[in-house]
Amino acid sequence: MRLVIARCSVDYAGRLTAHLPSAPRLILVKADGSVSIHADDRAYKPLNWMSPPCTLKEGTGEEEGVWTVVNKAGEKLIITMEEILHDSSHELGVDPGLIKDGVEAHLQELLADRIETLGEGYTLIRREYMTAIGPVDILCRDAEGRTVAVEIKRRGEIDGVEQLTRYLELLNRDPHLAPVRGIFAAQEIKPQARVLATDRGINCHILDYDALRGIEDDKLRLF
């Protein structure tokens with residue numbers, strides 16, 4: 001990972017246009033090719049970014065100090081450096097991935113054993129299917145034989161949808177698996193996460209922990 005702290009301005013040219021005026025900012029260039037620009041607030045969320053696959057070109061000569069990041073759609077992120085305050089690179093290696101809490105790990109185990117919960121005809125390929133950025137919770141096939149990646153959360157929020165989106169982008173590069181669609185499965189899914197998932201063609205599925213464990217609901221029923 002390369003970390004650059006610089007006084008810079010940023011222009012985005014694509015489906016929309018956006019401009020960040022000159023200010024000190026943190027620029028992250030990750031090994032996967034992504035580039036993101038951060039301010040000293042907003043928690044983890046960048047001011048602007050370019051997701052992989054993309055290419056970074058650092059200008060020379062008259063263009064020295066101008067970084068141009070281009071993605072596969074031809075969209076551009078142009079970073080004009082005025083003063084570089086810090087520039088360092090660090091080898092982080094392969095990340096072991098997020099360690100699930102006990103409930104999420106148990107949900108994954110139960111759903112793998114009862115994969116037909118997702119739909120009739122579903123079959124399990126494997127749990128913890130490894131990708132370059134971490135393991136997909138469950139990889140399975142639907143009744144038509146299409147590959148499905150399942151991300152499991154106890155509480156489904158936007159960051160979980162983003163995580164599944166990154167997995168799907170990588171999995172769909174594998175001709176033996178593609179096309180791969182996604183299912184975001186959780187005991188509770190926040191409305192904003194459901195909207196984002198739907199916009200990205202990802203199905204949402206509510207997991208009933210007790211039902212997966214085979215425990216009957218003891219509430220009184222009329223029928």
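**Exercise 1. Which strands does helix α3 lie across, and at what angle does it run to β11?**

Before we start: this is a predicted model, where local features need pLDDT of at least 70, side-chain atom pairs count only at pLDDT 80 or more, and totals for chains, interfaces and linings use all residues. Residues are numbered from 1 along each chain as its sequence is written, and side-chain values use heavy atoms, with hydrogens and water left out.

*Solution.*
Step 1. Find the elements. Helices (H or I, at least four residues) and strands (E, at least two) are DSSP runs, numbered from the N terminus. Helix α3 covers residues 191-199.
Step 2. Look at what is underneath. Helix α3 lies across β10 (147-156), β11 (180-189) and β12.
Step 3. Read the angle. Helix α3 runs at about 170° to β11. Axes here are lines fitted to C-alpha atoms, for helices over the stretch in contact, and angles run from 0 to 180 degrees between N-to-C directions.

**Exercise 2. Work out which side of α3 is buried and which residues are exposed.**

*Solution.*
Step 1. Recall a bit of helix geometry: an α-helix has 3.6 residues a turn, so residues three or four places apart point the same way.
Step 2. List the buried ones (under 20% relative accessible area, with exposed over 50% and partly exposed in between, using a 1.4 Å probe and protein chains only). In α3 they are Ala193, Leu196 and Ala197.
Step 3. Check the directions. These buried residues fall within an arc of 100° seen down the axis of α3, so they line one face of the helix. The arc is that of the directions from the helix axis to the C-beta atoms.
Step 4. Turn to the other side, where Pro191, Val195, Thr198 and Asp199 are exposed.
Step 5. Ask what does the covering: β10, α2, β11 and β12 are included.

**Exercise 3. Describe how α2 and α3 meet.**

*Solution.*
Step 1. The two axes come within 8 Å and cross at roughly 25°.
Step 2. α2 and α3 are therefore roughly parallel to each other. The cut-offs: under 35 degrees is roughly parallel, over 145 roughly antiparallel, 65 to 115 roughly perpendicular, and the rest oblique.
Step 3. Contact (heavy atoms within 4.5 Å) is made by Ile158, Val161 and Glu162 of α2 with Gln192, Ala193, Leu196 and Ala197 of α3.

**Exercise 4. Lay out the sheet that holds β8 to β12 and find its edges.**

*Solution.*
Step 1. The order is β8-β9-β10-β11-β12, an open sheet of five strands with mixed pairing. Two strands pair if DSSP finds at least two bridges between them.
Step 2. β8 (123-131) and β12 (203-206) each have a single partner strand, so one side of each is left without a neighbour in the sheet.
Step 3. The twist averages 35° from one strand to the next.
Step 4. Zoom in on one pair: β8 and β9 (residues 134-141) are antiparallel over seven bridges, and Met130 has Pro135 in β9 as its bridge partner.

**Exercise 5. Place strand β3 among its partners.**

*Solution.*
Step 1. β3 (residues 35-38) has both faces covered: Val35 and Ile37 on one side, Ser36 and His38 on the other, all buried.
Step 2. β2 (residues 17-29) runs antiparallel to β3, joined by four bridges, with Ile27 opposite Ile37.
Step 3. β4 (residues 48-50) also runs antiparallel to β3, through three bridges, and Ser36 stands opposite Trp49.
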